[in-house]
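These are my notebook entries on a structure I went through element by element. I kept them terse and wrote down what I looked up in the order I looked it up.

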Amino acid sequence: MIVACDQNGINLAVTTIKNGGLVVFPTDTVYGLGCDPRNARAVEGIFRIKKRMGTKALPVLGYSKEEISKIAIFDELSSRIADRFWPGQVTLVLKLVDEEIKKAMNQDDKIAVRVPNHPCALALLKGIKLIVGTSANFSGLPAFSDSKKVQENFSGYDLFLDGGTILNSTSSTIIEVKNGTFEILRQGKVTREEITNSL
């Protein structure tokens with residue numbers, strides 16, 4: 001089912017996720033594929049339709065830093081980076097403390113998290129607080145910023161939240177803090193210089 005990014009569409013997407021379904025939705029980077037991170041069957045569904053290896057960890061998007069702090073621990077530097085760049089295109093790798101999510105997502109003690117800067121994604125997250133947020137594509141193939149391209153080239157999900165074309169689409173920068181300094185695990189939109197200058 002394809003629905004618009006209006007209140008009715010958002011309500012349907014929230015209900016779908018709460019019922020264990022898989023939803024495609026727009027973010028500020030690319031179109032994402034999401035589900036309830038505490039629903040092991042739904043998480044398995046994401047790995048299956050993406051044809052993604054089960055050993056590759058999935059990221060989680062949150063409505064706010066406060067919501068993410070309920071499942072993961074912020075060190076001082078990670079907290080400052082989040083305050084500066086969230087909502088936005090920085091993903092942080094943090095210590096995961098939510099045992100239910102660890103089990104359902106088959107995660108170890110780390111999880112990649114961020115708050116997206118997109119009105120449709122945030123409206124969806126307002127209703128569910130946390131969502132698995134991997135790219136809506138088959139593993140190893142390019143991600144999509146155009147809703148029509150997703151619909152033409154990807155399948156297996158339950159609901160498509162259509163936000164049109166994502167402008168200035170690019171990957172997020174993935175950061176992990178170790179020993180009081182940050183490492184860039186994947187270079188994306190936000191540069192090392194921008195992060196350093198913000199601290």
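Entry 1, the sheet. Before listing partners I fixed the criterion: I call two strands paired if DSSP finds at least two bridges between them. The model is a predicted one, and I read every value below as computed from it. With that criterion I looked up S1 and S10, which are joined by three bridges and run parallel; within this pair Ile2 is placed opposite Phe160 of S10. I then followed the sheet across and found five strands in the order S1-S10-S2-S3-S9, an open arrangement with mixed pairing. Its edges are S1 and S9, each of which pairs on one side only.

Entry 2, the middle and far side of the sheet. I looked up S2 and S3 next and noted that they pair antiparallel over four bridges, as a hairpin with four residues between the two strands. Phe25 has Gly32 of S3 opposite to it. From S3 I went on to S9 (residues 134-135), which is antiparallel to S3 and joined to it by two bridges, with Thr134 as the bridge partner of Leu33. I also checked which way the residues of S3 (residues 31-34) point: Tyr31 and Leu33 go one way, Gly32 and Gly34 the other, and all of them are buried.

Entry 3, helices on the sheet. Which strands does H1 touch? I found contacts with S1, S2 and S10, and the direction of H1 makes about 145° with that of S10. For H2 (residues 40-50) I noted that this helix lies across S3 and S9 and runs at about 130° to S3.

Entry 4, H6. I listed the buried residues of helix H6 (residues 119-128) as Cys120, Ala121, Leu122, Leu124, Leu125 and Ile128. These residues pack against helix H1 (7-18) and against the strands S2 (23-26), S4 (60-62), S8 (130-132) and S10 (159-162). Just after H6 I noted a positive phi of about 70° at Lys129.

Entry 5, the cysteines. How many disulfides does a search of the whole structure find? The search returned one, and this disulfide joins Cys5 to Cys120 with an S to S distance of 1.8 Å. I looked up its torsion as well: the angle about the S-S bond is -65°, which makes the link left-handed. The pair ties together distant parts of the chain, 115 residues apart, with Cys5 in the loop between strand S1 (2-4) and H1 and Cys120 in helix H6. I recorded Cys120 as buried because its relative accessibility is 6%, whereas Cys5 is partly exposed because its relative accessible area is 30%. Cys35 is in no disulfide, since the nearest cysteine sulfur, that of Cys120, is 17 Å away, and a pair counts as a disulfide only with the sulfur atoms within 2.5 Å. Cys35 is at 0% relative accessibility and therefore counts as buried.

Entry 6, two single residues. Is Ser78, in helix H4 (residues 76-85), buried or exposed? Its relative accessibility is 1%, so I entered Ser78 as buried. Leaving out residues up to four places away in sequence, Ser78 touches Leu92, Leu94 and Val177. Val97 is in the loop between strand S6 (90-96) and helix H5 (99-105), and I entered Val97 as partly exposed because its relative accessibility is 35%. Apart from neighbours within four places in sequence, Val97 is in contact with Ile71, Ala72 and Ile73. I also took the C-alpha to C-alpha distance from Val97 to Ile111, which is 9.4 Å for residues 14 apart in sequence.

Entry 7, the largest pocket. I looked up its volume and found about 640 Å³ of space. The lining has 32 residues, and those closest to the centre of the pocket are Pro59, Gly133, Thr134, Ser135 and Arg186. At least two lining residues come from each of S4, S6, S7 (110-114), S9 and S12 (181-186). Which of the strands gives the most to the lining? I found that S7 does, with three residues. Thr134 thus appears twice in my notes, as the bridge partner of Leu33 and among the residues closest to the pocket centre.

How values were computed: Residues numbered from 1 in each chain as written. Predicted model: local features only at pLDDT ≥ 70, side-chain atom pairs only at ≥ 80, totals over all residues. Heavy atoms only, no water. Buried < 20%, exposed > 50% of the residue type's maximum accessible area, 1.4 Å probe, protein only. Contact = heavy atoms within 4.5 Å. Axes fitted to C-alpha atoms, helices over the stretch in contact; angles between N-to-C directions. 1 Å grid on protein atoms, 1.4 Å probe; cavity = no way out; pocket = protein on both sides within 12 Å on 5 of 7 lines; lining within 4 Å. Points joined across faces, edges and corners; volume = space filled by probe spheres on them.
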